[in-house]
Amino acid sequence: MPIQILSDALVARIAAGEVVERPASVVKELIENAIDAGAQEIRVECIEGGKRLIRVSDDGGGIPSDEAPLAFEHHATSKLKSADDLAVIHTLGFRGEALASIASVSQVTCVTRHVDEASGTLIRFDHGHVVAHERIGRTPGTTMTVEHLFSRVPARLKFLKSTQTERGHIDGIITRYALAYPAIRFTLVHDGRQTFQSLGTGNLRDVLIEVYGADAAGQMVEVGDSGSGLRDQPLISDSPTLITASGYAALPTLDHSNRTKITLFVNGRPVQDTKLSYAVIQAYHTLLMTGRYPVAVILVRVPTEDVDVNVHPAKAEVRFREPDAVFSAVQRAVRRALLDNMAPPEPPSVLTQQWAVGSGESGVFAPASGDRIAASDVIERATQSPLSGSETWDRVGIARQANGFGGYPSDIGHDSSPISTQNSELKTRRLPALRILGQLALTYILAEGPEGLYLIDQHAAHERILWERTLAQHELGAIAAQSLLDPTPVTVPADSAYLLEGQLDLLRELGFDIEPFGGATFLVRAVPALMIQDDIANALREIISDLEMGDQALRKDLEARVLKRVCKRMAIKAGRVLSFAEMQALVRDLEACESPRTCPHGRPTMIHLGVAQLAKEFGRLG
Ligand code: ADP
Ligand code: MG
């Protein structure tokens, strides 16, 4: 279709509004144009986070020489002709606004050659005015160079953030489109240095490796029909007949501190949709700890006529004709993939069972109720019959939900059950000397004190101990660093590399010696001595996700977050057998803590059943 100016009537029906907010929005619009033009290869170069220069080159179809000036007019598009087309949009663009908007607030140079023409065109705009227009040689394709964005729009310029922040936004855009279009080879260059490249193999897993690193990608499982459609580029141009969800979702071993790693596409278009994100989160119900979020890349395909993309000027939101159907397609596909790929949990021991069922109710050992019987019955059947992994999970999941628990068995101690809240006034008091009675469910230490029975969560308690020690060392400026025998190269998610680079000094003070090693790879030379046995790559990834939340956080908070993470990782886990001597040592160390009753994250380390309470439960007080 040739480029045409849309009629006023049609313009009035298009979601209007500013699309050029910051360098990343320019990058987004130019990339979308390149994809619409059928590019196989897209190269993005930026200087100073795009504030000085953005250049997007593609090998797509190019713009015919006589249409090049028209492309920069308002409401000029080759993608939409009539109002009917608006209902079935098969391209990323359709508003004909981006180039005009960009050209009015910057200097734009367009060099393009249409596939069917022998030579190309150069056309240059300075804040909306043509300053050059000539023939030029070029291979088919288009290169758009945008310089000095907003240099004459002080109100906009003022709102641009640091180079680091703007660069982060650009990284986010590139990685998202690279994930949505695995068949296109994307290259990103910042200030002359290549920071990201996807291979363009058409295989989403290859892109996952580039974006998240091989370790993380290895923990992600395929969602939806394996093979079908994934190997192909999810073409925006062919409309599916059914609602489907495919992509990759991380097993619960790889989670994130916020929702930003849930990446969603609808018909090849990246979208931010709270409800769809929630569908993904729902799929992990009972599988992730509260406060942790999934990592997932989900490509939703919806019949073109069932989705309205003309809602938001930057096209980041869409409206579905049947939102509930889309929601449940996403939730079911992700849940299925997780259940099919997870090992069934350890069958709960008799003790864990009674404990869990009892404490989910109102009191300590709740009286038998219909619910309780039903719930334990489900667990029983789950442990007896040889079910597939997913069936077992489903059933245990139901049982846990019935009991009000939302996590792995090891999280039970972290749940704010009625018992721990009853004793909240005790949380800050020091501990009396305790006598060890034994270990329960490989998770809790049972101990007796002058005030009754104590159930101590071994992981939470150890976390508290490590935290107070580390904090003391930190206050003395003496966190011991230990050099690694072999400095370890670690590749971090491409969109986090810049963030990490900005925090290397902070990390150095905490015992990490890390240096940039090209692209998104870093060389770890030393770690806090406490961590020497840890899986360094995984640790670094978690630390980055902690830092990510802290855009405005104080340095002190960031330091605390990193150190808490180190302690959490190194604390003994639930499920580990402890010898009597080990339990004794742990409880002694806990007794010596300032605040022994909570873990560094504020969850209880112990549950206390007072003698008076026990007497009441046994009916001794009448
Ligand atoms: P829209 O994408 O909504 O049509 P734009 O302002 O982004 O509006 O682009 C206007 C027109 O310029 C497009 O419709 C397309 O015909 C042409 N165009 C822009 N960028 C490219 C490109 N990289 N390759 C080929 N054609 C392009
Ligand atoms: Mg466009």
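1. A note on vocabulary to start: Ala, Val, Leu, Ile, Met, Phe, Trp, Tyr, Cys and Pro count as nonpolar, Asp, Glu, Lys and Arg as charged, and the others, Gly among them, as polar. On that basis, the shell around ligand 1 splits into 8 nonpolar, 7 polar and 4 charged residues.

2. Please keep in mind that this is a predicted model, in which local features need pLDDT of at least 70 and side-chain atom pairs count only at pLDDT 80 or more, while totals for chains, interfaces and linings use all residues. Residues are numbered from 1 along each chain as its sequence is written, chains are lettered from A and ligands numbered from 1 in the order in which they are written, and side-chain values use heavy atoms, with hydrogens and water left out.

3. Now the chain as a whole. The protein chain holds 22 helices and 24 strands (DSSP runs numbered from the N terminus: H or I of at least four residues for helices, E of at least two for strands). Of its 622 residues, 53% are buried, where buried means under 20% relative accessible area, exposed over 50%, and partly exposed in between (1.4 Å probe, protein chains only). Among contacts (heavy atoms within 4.5 Å) with a separation of 6 or more, 71% join residues 24 or more positions apart. The accessible surface is about 27,100 Å², and carbon and sulfur atoms hold 52% of it; such areas come from the Shrake-Rupley method with a 1.4 Å probe, and for residues only the protein chains shown count as cover.

4. Which residues come nearest to ligand 1? They are N33, T77, S78, K79 and G96, out of 19 around the ligand (a residue is near if one of its heavy atoms lies within 4 Å). Three polar contacts (pairs of N or O atoms within 3.5 Å; within protein, one must be able to donate a hydrogen and the other to accept it, and residues adjacent in sequence count only if both atoms are side-chain atoms) are worth a look. The side chain of N33 places an N or O atom 2.8 Å from an oxygen atom of ligand 1. For G96, a backbone N or O atom is 2.7 Å from a ligand oxygen, and T142 has a polar side-chain atom 3.3 Å from a ligand nitrogen. The protein buries 93% of the 530 Å² that ligand 1 exposes when taken alone. Elements giving two or more residues to this shell are β4 (76-77) and α5 (98-104).

5. On to the rings: the structure has 2 aromatic pairs (Phe, Tyr or Trp rings, the six-membered one for Trp, with centres within 6.5 Å; planes under 30 degrees apart are stacked, over 60 edge-to-face and the rest tilted). F72 and F125 form a tilted pair, 4.4 Å centre to centre with 35° between the planes. F72 sits in the loop between α3 (68-71) and β4 and F125 in strand β6 (residues 120-126), so the pair ties together parts 53 residues apart in sequence. Both F72 and F125 are buried.

6. The other pair is Y278 with F327: the centres are 6.3 Å apart and the planes at 40°, so this pair is tilted. Y278 belongs to helix α10 (residues 274-283) and F327 to helix α11 (residues 323-341), so parts 49 residues apart in sequence are tied together. Buried or partly exposed? Y278 is partly exposed at 40% relative accessibility, whereas F327 is buried at 17%.

7. Lastly, a backbone check. Most residues other than glycine have a negative phi. H127, in the loop between β6 and β7 (129-136), has a positive phi of about 45° and is buried at 12% relative accessibility. H148 has a positive phi near 50°; H148 lies in the loop between β8 (141-147) and α6 (154-157) and is partly exposed at 33%.
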